[in-house]
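Reader: Hey, could you walk me through this one? I'm new to it.

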Amino acid sequence: MYPNLYYLIEDFFGLKLTALKLVNSFGFFVAIAFVASGYVLYSELKRKEALGEFFASDESVLIGAPATLSEIVTNFLFGFVFGYKIIGAFTIDNALNNTQAFILSLQGNIGAGILVGALMGYLKWKEKDKVKLAKPEQKTFKIWPHDRVGDIVLQAALWGFLGAKIFHNLENLSDFSRDPIGALISFSGLTFFGGLILASIAVIVYIRKFKISVIHFADAMAPTMLFAYAAGRIGCQISGDGDWGIVNLNPKPFAWLPDWMWAYTYPHNVVNEGVQIPGCIGNYCNQLPLPVYPTAFYEIVGMFILFLIMWMMRKRITQPGILTGIYFIFAGGERFLIEQIRVNNKYEDLPFQPTQAEIISVVLLLLGIVFLIKSKSWFSKKHS
């Protein structure tokens, strides 16, 4: 396992780049997943714009105005955090020995924070000053939905992370009650469906402001979400974030199958779960005492296959809502199946003692079936 990029680069290339200890592997691959998914969404929105399913909206922009105080202050704050934490990590003894603890602490280099913050504020002022006009002009531009992909991805990332944390803590109330602040700010402990629900609400609110068709947008998002889920799980598997299966002592079914694809102990996992690895010194020196199903790997493979299936069929489906329904069925069905071999807390007071993900999966499956049946009567092909 590679808790951060330092260990990954060292293992693959033999290079010891201390700065990479600041880059959490899970966060890095999730960020890559968002960027790559943004491109998938961008491509699909452009295709649907050409089909007449989306339209441009007029947006008025003030050209030639100087930098505002809020812009300068915002840039200063971003620069201050960067200097205080990132530069501080290299100036404070032992900060890089446990980067997660350092980042979540109040430690940092205040001098570097002020210096970088001031530089960022100045650069923002300089950027606006170069194009400043004696009399600022109001200009109108046509903005297409694909032009808003960056903002949409940002909305999804911010609200998705918040939703993932909220639903994780609802699923683990005993851990939350013991350490509520630690549970909220910890990098680990994220529930995908929680992120999906809150991010979906936020994105719908955002696109409705610009009169973007919700159902056509949902159809464009359907393959994107399958791709994003698969790509995001790469971070789970590589870092060993606790998203793994139940103990698997069954004999390997195929001789050609690598051991880690069938039963894995997740050595050097980022959550330090398990027992001490003999001879290992320092942080991230634990591995599971018994091998488990690598469910994150199974989800990577499964969701990429489902993404490819939907990507190939998307141009043949013209009825709005059908792709959304298929996504609900794919996402719900895949997760319900993987839950059978995945470690998760169960609601023991409910019939059948389901997990949170199983309940949401069933809801998604039923919702998908409803969409397939009712889309034709709910959504016309020209408008929704």
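Author: Here is a chat about helix packing, cores and a few single residues.

Author: This is a predicted model, where local features need pLDDT of at least 70 and side-chain atom pairs count only at pLDDT 80 or more, while totals for chains, interfaces and linings use all residues. Residues are numbered from 1 along each chain as its sequence is written, and side-chain values use heavy atoms, with hydrogens and water left out.

Reader: Cool. At what angle do H10 and H11 pack?

Author: Helix H10 (residues 214-239) and helix H11 (residues 295-313) pack at about 160 degrees, and their axes are 8 Å apart. Helices (H or I, at least four residues) and strands (E, at least two) are DSSP runs numbered from the N terminus. Axes are lines fitted to C-alpha atoms, for helices over the stretch in contact, and angles run from 0 to 180 degrees between N-to-C directions.

Reader: So are H10 and H11 roughly parallel or antiparallel?

Author: H10 and H11 are roughly antiparallel. The cut-offs are under 35 degrees for roughly parallel, over 145 for roughly antiparallel, 65 to 115 for roughly perpendicular, and oblique for the rest.

Reader: And is the H10 and H11 crossing left-handed or right-handed?

Author: H10 passes H11 in a left-handed crossing. Left-handed means the near helix is turned anticlockwise from the far one by less than a right angle, and right-handed means clockwise.

Reader: Which residues of H10 and H11 meet?

Author: On the H10 side they include Ala222, Leu226, Phe227 and Ile234, and on the H11 side they include Phe297, Met303, Phe307 and Met310. Contact here means heavy atoms within 4.5 Å. By class, the contact of H10 with H11 has 18 nonpolar, one polar and two charged residues. Ala, Val, Leu, Ile, Met, Phe, Trp, Tyr, Cys and Pro count as nonpolar, Asp, Glu, Lys and Arg as charged, and the others, Gly among them, as polar.

Reader: Switching topic: how many residues are in the largest nonpolar core?

Author: That core has 41 residues, and those with the most contacts inside it are Leu41, Phe217, Leu226, Met310 and Tyr327. A nonpolar core is a set of buried Ala, Val, Leu, Ile, Met, Phe, Trp, Tyr and Cys residues joined through side-chain atoms within 4.5 Å. Buried means under 20% relative accessible area, exposed over 50%, and partly exposed in between (1.4 Å probe, protein chains only).

Reader: Which element gives the most to this core?

Author: H10 does, with eleven residues. Another core, of six residues, lies apart from the largest one, and its members include Met1, Tyr264, Tyr266 and Leu288.

Reader: Is Tyr266 buried or exposed?

Author: Tyr266 is buried, at a relative accessible area of 0%. Its place is in the loop between H10 and strand E3 (275-276). Tyr266 also has a phi near 50 degrees, a positive value in a residue other than glycine.

Reader: Why point out a positive phi?

Author: Because most residues other than glycine have a negative phi. His268 has a positive one too, near 60 degrees. His268 lies in the loop between H10 and E3 and counts as partly exposed, at 29% relative accessibility.

Reader: Back to helices. How do H12 and H13 cross?

Author: Their axes come within 7 Å and cross at roughly 155 degrees. That makes H12 roughly antiparallel to H13. H12 passes H13 in a left-handed crossing. By class, the contact of H12 with H13 has 13 nonpolar, seven polar and two charged residues.

Reader: What about H3 and H5, left-handed or right-handed?

Author: The crossing of H3 and H5 is right-handed. Helix H3 (residues 69-91) packs against H5 at about 145 degrees, with the axes 6 Å apart. The residues of this contact divide into 13 nonpolar, six polar and three charged.

Reader: Where is Lys130?

Author: Lys130 lies in helix H5 (residues 110-130). Lys130 is exposed, with a relative accessible area of 67%. Lys130 and Gly64 are 66 residues apart in sequence and 8.8 Å apart in space, C-alpha to C-alpha.

Reader: Last one: what does Phe28 contact?

Author: Leaving aside neighbours within four places in sequence, Phe28 is in contact with Leu5 and Val23. Phe28 lies in helix H2 and is partly exposed, with a relative accessible area of 32%.
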